[in-house]
Amino acid sequence: MKKLRLPNLLRLDNDRQKHVISILEAFEKDNQVNPGKNTPLDLFLRYYFLDNKMVSPSDRAAIVDYVYRLTSYKLYLSAISRRPINWKSRLEAFVSPKFEENFMNGQIPPHVRASFPEDLYNLMVEAYGEKEAFDMCHILNERPPLTVRANTMKITRHDLFRKFQKKKFKVEKCLHSPMGIQFNERPKTNFFKLPEYSQGFFEIQDEGSQLCAMRVDCKPGQTVLDYCGGAGGKTLAFAPFMHNRGQIFVHDVRKSVLLQAKRRFKRANLGNVQTHSEKHKLWQTINRKCHWVLADVPCTGTGTLRRNPDMKWKFSIKMLQGLCKVQEEIVKEVVPCLRKGGKLVYTTCSILPQENLMQVMNLCDKFNLEIENGKHFQVLPKSNGMDGFFSATLIKKQGLLID
Ligand SMILES: C[S@@+](CC[C@H](N)C(=O)[O-])C[C@H]1O[C@@H](n2cnc3c(N)ncnc32)[C@H](O)[C@@H]1O
């Protein structure tokens, strides 16, 4: 079993502590009062700091770090903290020796020590076995690494790497993604204020996400649909393969994220992308025309819980079942867009087989598809490495030739 390591946290003085507790209390209250609103933690924090502009960038970094880690370890901290349990007592337990001492305490159920909802923990044990599931939970409670993708429309990875080195950033080139650079230490400066960012030289993107996007191996002149495009993260990664020739259609049901995507496409120098929130008109244009369709479907996000620890406390089996239905509906909608020989890249940031391989088998059965070369792609969350991602390239099943 992995040894529980206390994260290398920044200093927590009284002022920072007050912010941490008031954020966590307010976030919990917001979820109780407006359960349907589902504000994600990162958005909640953005609003909080807009209301508290006086907090300095270094204080902010420390506060965010504690908020994320305490949210991750909420269940475990509740088990080991003094009574009454509240965010103040959980924080005390987090910085006390109890945090490491109780990690192997057999009196505390494994899912509590892993700080995961029992249903989710059981699904992970079913998929990976007790030891791997337990270790993976702890990786998913850790601080994630910071990884960026060089925008090869504007700069090579090597040149961007040299620029970062000149700034004395501790960086290394990713092993698997040819466009990725990982930071071994978080830079103290505001990343989004770097000139290299405003010039569109890079985007923040996990290496696993880069690898999934690159499975859309599109060529100049082709037609591509990114059906669950969100803020455009995956399109930004595969679009450079087309050298601005051909057409990329990005769709999402949320107009607000498509606006963000548009800004990012412009900054990245992409001139062949159009965004659509209305699918009916789009359908007439792309029916049977697409060489590639990317379905980066909504999922439990269990592979990226380090970045969104609040998501795991919203998990339920019912939610998983609902998402599986939506994933199936999405694939049903996009299959008719494929031209003869076209490929559908199905992707999730989940570690659950129910929305990965099991789902893909179900999709193949229902929509007469098969997995290209019979091989899928899966990465599991790694300590100081990639998040968890899954991808399979689906093609239309060839009819059997009967003599
Ligand atoms: C995993 S996220 C996509 C992330 C994006 N591809 C990226 O790399 O940045 C899934 C997206 O699916 C969208 N979505 C949810 N239901 C949908 C539906 N029925 N049709 C199309 N998009 C949907 C969500 O709004 C969300 O942006």
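A residue counts as buried here if 20 or more other C-beta atoms lie within 10 Å of its own C-beta atom. With that cut-off in mind, the tour of this predicted model may begin.

**First stop: D252.** Select D252, which sits in the loop between β6 (247-251) and α14. Because 21 other C-beta atoms lie within 10 Å of D252, this residue is buried. Setting aside residues up to four places away in sequence, D252 touches C228, G229, G230, V257, L258 and S277.

**Second stop: D296.** Next, select D296, in strand β8. D296 has 26 other C-beta atoms within 10 Å and is therefore buried. Beyond its neighbours within four places in sequence, D296 is in contact with C228, K234 and T347.

Now display D252 and D296 together. The UniProt record, an unreviewed entry, gives both positions the feature "binding site". They are spread over 45 residues of sequence, yet they cluster in space, with a largest C-alpha distance of 10.5 Å.

**Third stop: the ligand.** Show the ligand and the residues around it. Which residues are closest to the ligand? They are C228, G230, G233, K234 and D296, out of 15 residues that surround the ligand. Two elements, α13 (233-238) and α16 (317-334), each give two or more residues to this shell. By character, the shell divides into 8 nonpolar, 3 polar and 4 charged residues.

**Fourth stop: strand β8 and its partners.** Colour strand β8, residues 290-296. Is this strand mostly covered or mostly open? It is mostly covered, with 6 of its 7 residues buried. Strand β5 (residues 223-226) pairs with β8 in the parallel sense over 3 bridges; within this part of the view, V224 has W292 of β8 as its bridge partner. Strand β9 (residues 338-348) also pairs with β8 in the parallel sense, over 6 bridges. Here D296 appears again, with T347 in β9 as its bridge partner. To follow the connection, trace the chain from β8 through α16 to β9: this β-α-β crossover is right-handed.

**Last stop: R267.** Finally, select R267, in helix α14 (residues 255-267). Why does R267 count as partly exposed? The reason is that R267 has 17 C-beta neighbours inside 10 Å, whereas a buried residue needs 20 or more and an exposed one has 12 or fewer. Add G200 to the selection: R267 and G200 are 67 residues apart in sequence, but their C-alpha atoms are 5.1 Å apart in space.

Key: Residues are numbered from 1 along each chain as its sequence is written. This is a predicted model: local features need pLDDT of at least 70, side-chain atom pairs count only at pLDDT 80 or more; totals for chains, interfaces and linings use all residues. Helices (H or I, at least four residues) and strands (E, at least two) are DSSP runs, numbered from the N terminus. A residue is near a molecule or strand if its C-beta atom, placed from the backbone, lies within 6 Å of it. Ala, Val, Leu, Ile, Met, Phe, Trp, Tyr, Cys and Pro count as nonpolar, Asp, Glu, Lys and Arg as charged, and the others, Gly among them, as polar. Two strands pair if DSSP finds at least two bridges between them. A crossover is right-handed if, with the strands pointing away from the viewer, the path from the first strand over the helix to the second runs clockwise. UniProt positions are given in the numbering used here, feature names are shortened, and annotations may be inferred rather than shown by experiment. Two residues are in contact if their C-beta atoms, placed from the backbone, lie within 7 Å.
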